[in-house]
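Good morning, and thank you for the time on today's agenda. I would like to take the group through one structure, beginning with its open space and ending with its interior.

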Amino acid sequence: WNQKAAEITGFGKDEVMGRDLVQEFISAEFKQSVQMVLNNALLGHNTANFEFPLYTKDGRAVEVLLNATPRIDSNGKLVGVVGVGQDI
């Protein structure tokens, strides 16, 4: 969570860290597809230009364009996911 994400959503880092992004900030109709994008990245598959609404602190929906990329270390081991969201 960075400064821009906080600016867009109204949620500070301390309010979102440790919480389930998909379950708490994604609308019901997009929960499954967003979770699939994140799961695919954890399996080593890129997803580019996936659009979905992210909910703000005051309940508004902000359209986000997500790119999820597996993070691979120098030994070729999957160590995480880099997710980049753009306010569109």
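**The largest pocket and what lies around it**

Twenty-four residues, that is 24, line the largest pocket, and those nearest its centre are Trp 1, Ala 5, Leu 21, Gly 83 and Gly 85. Please keep in mind throughout that this is a predicted model. The volume of this pocket is about 730 Å³. Which elements give two or more residues to its lining? They are H1, H3, S1, S2 and strand S3, which runs over 78-87. S3 gives the most, with seven residues. Sorted by class, the lining of the largest pocket consists of 15 nonpolar, six polar and three charged residues. As a general remark, empty space is found by rolling a probe the size of a water molecule over the atoms.

I turn next to the nonpolar core. The largest one has 16 residues, and Val 34, Phe 52 and Leu 54 are those with the most contacts inside it. At least two residues of this core come from each of helix H3 (21-25), helix H4 (28-42), strand S1 (47-55) and strand S2 (61-72). S2 supplies the largest share, four residues. What does Val 34 touch, once its neighbours within four places in sequence are left aside? Val 34 is in contact with Val 22, Ile 26, Phe 50 and Phe 52.

The aromatic rings are my third topic. The count of aromatic pairs comes to two. For Phe 11 and Phe 25, the ring centres are 4.9 Å apart and the planes stand at 80°, so this pair is edge-to-face; the cut-off for that label is an angle over 60 degrees. Phe 11 sits in the loop between helix H1 (3-9) and helix H2 (13-16), while Phe 25 belongs to helix H3; the two are 14 residues apart, and the pair links distant parts of the chain. Are these two residues buried or exposed? Both Phe 11 and Phe 25 are buried.

Finally, let us consider a residue in a loop. Gly 59 is placed in the loop between S1 and S2. Why does Gly 59 count as partly exposed? Its relative accessibility is 47%, and partly exposed covers the range between under 20%, which is buried, and over 50%, which is exposed. Gly 59 and Thr 9 are 50 residues apart in sequence, yet from C-alpha to C-alpha they are 9.2 Å apart in space.

Thank you for your attention.

Technical notes
Residues numbered from 1 in each chain as written. Predicted model: local features only at pLDDT ≥ 70, side-chain atom pairs only at ≥ 80, totals over all residues. Heavy atoms only, no water. Core = buried A, V, L, I, M, F, W, Y, C linked by side-chain atoms within 4.5 Å. Buried < 20%, exposed > 50% of the residue type's maximum accessible area, 1.4 Å probe, protein only. Contact = heavy atoms within 4.5 Å. Phe/Tyr/Trp six-rings, centres within 6.5 Å; stacked < 30°, edge-to-face > 60°. 1 Å grid on protein atoms, 1.4 Å probe; cavity = no way out; pocket = protein on both sides within 12 Å on 5 of 7 lines; lining within 4 Å. Points joined across faces, edges and corners; volume = space filled by probe spheres on them. Nonpolar A, V, L, I, M, F, W, Y, C, P; charged D, E, K, R; others polar.
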